[in-house]
Amino acid sequence: MRKLGDLMLWGLVAVTLGVLAFVSTREGSVPHSLFRSYVSSKENARVLAKTWAEIIDGGRLVATVPNAAVIIAFSDYQCPYCRQSEPAVDSLRALGAATFSYHHLPLAAHPASIGAARAAICAEAQGKFESMHRRLMTTVAWQTDSNWRREASHAGVPDSTAFVTCLDSEMASSRVEADLDLARKLGVNGTPTFFSSKRRFDGQLLVSEGQWLVGK
């Protein structure tokens, strides 16, 4: 009788495990989602660790602080939370806590953001990325009329003709696409998203979160 009870118990365990295994493989189930999220986070960490130096070099450096930790930022110039994160960037720079490597992630919900990303890239080609970046993050006129030549003038871009030509160039397109591809590899779907070499933060950045990212 005891042997029969043991068999029934093990049978119940086997059935339960089978049901759990079936449920966990169903698309949309909580176990399946948790498993996919775990696998995705591990893959993202692997990509980040393997290509950290390359990612930094591929970004547009702003708020550069000698010998400071680097924070990688995926940003959209029309994103309100990206714009609201800029005071924290300035504060972290003043504290000597971080240098930022910006990568463009213009979102479909923000129609002017792709043009702004191209404008920043083309200003960078003439050594004026930081001034254009500041301009785009702190003004709003360009969001409705997209007068990029005017923005270039305000940002101090010296050759406006070359700048305008650059806006529709293959170089500008490939730079944006490279950032979009990197965002996909790292599982970044929204802005702003920040990475240090070991941590990730999604959403508006405050000084405390920036210090946490770099371990301070």
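**Notebook: helix packing and nonpolar cores**

Entry 1, overview. I counted the secondary structure elements and found ten helices and five strands in the protein chain. I note that the model is predicted. I then looked up burial: 42% of the 216 residues of the protein chain count as buried. For the contacts with a separation of 6 or more, I recorded that residues 24 or more positions apart account for 73%.

Entry 2, the largest nonpolar core. I asked which residues touch the most other members of this core. They are Phe100, Met132 and Phe163, in a set of 40 residues. I traced the elements that each supply at least two residues of this core: strands E2 (69–75) and E3 (98–104), together with helices H3 (80–94), H4, H5 (129–138), H7 (148–154), H8 (160–167) and H9. H4 gives the most, with seven residues. As background, I note that nonpolar side chains tend to be buried together in soluble globular proteins.

Entry 3, Met132. I listed the residues that methionine 132 touches, leaving out those up to four places away in sequence. The list holds Ala119, Ala120, Ala123, Glu151, Ala152, Ala155, Val157 and Phe163. Apart from the core of 40 residues, I found another core, of 13 residues, with Trp52, Ile56, Val188 and Phe195 among them.

Entry 4, H4 against H9. I examined helix H4 (residues 113–124) and helix H9 (residues 170–185), whose axes come within 10 Å and cross at roughly 115°. Angles of 65 to 115 degrees count as roughly perpendicular, and H4 and H9 are therefore roughly perpendicular to each other. The crossing in which H4 passes H9 is right-handed. From H4, I recorded Ile114, Ala117, Arg118, Ile121, Cys122 and Glu124 as meeting Met171, Ala172, Ser173, Arg175 and Val176 of H9. By class, I find seven nonpolar, one polar and three charged residues in the contact of H4 with H9.

Entry 5, H3 against H5. At what angle do the axes of H3 and H5 cross? I read roughly 135°, with the axes coming within 9 Å. H3 and H5 are therefore oblique to each other. On the H3 side I listed Cys82, Arg83, Glu86, Asp90 and Arg93, which meet Glu130, His133, Arg134, Leu136, Met137 and Thr138 in H5. I sorted the residues of the contact of H3 with H5 into three nonpolar, two polar and six charged.

Key
Residues are numbered from 1 along each chain as its sequence is written. This is a predicted model: local features need pLDDT of at least 70, side-chain atom pairs count only at pLDDT 80 or more; totals for chains, interfaces and linings use all residues. Side-chain values use heavy atoms; hydrogens and water are left out. Axes are lines fitted to C-alpha atoms, for helices over the stretch in contact, and angles run from 0 to 180 degrees between N-to-C directions. Angles under 35 degrees count as roughly parallel, over 145 as roughly antiparallel, 65 to 115 as roughly perpendicular and the rest as oblique. A crossing is left-handed if the near helix is turned anticlockwise from the far one by less than a right angle, and right-handed if clockwise. Contact means heavy atoms within 4.5 Å. Ala, Val, Leu, Ile, Met, Phe, Trp, Tyr, Cys and Pro count as nonpolar, Asp, Glu, Lys and Arg as charged, and the others, Gly among them, as polar. A nonpolar core is a set of buried Ala, Val, Leu, Ile, Met, Phe, Trp, Tyr and Cys residues joined through side-chain atoms within 4.5 Å. Buried means under 20% relative accessible area, exposed over 50%, partly exposed in between (1.4 Å probe, protein chains only).
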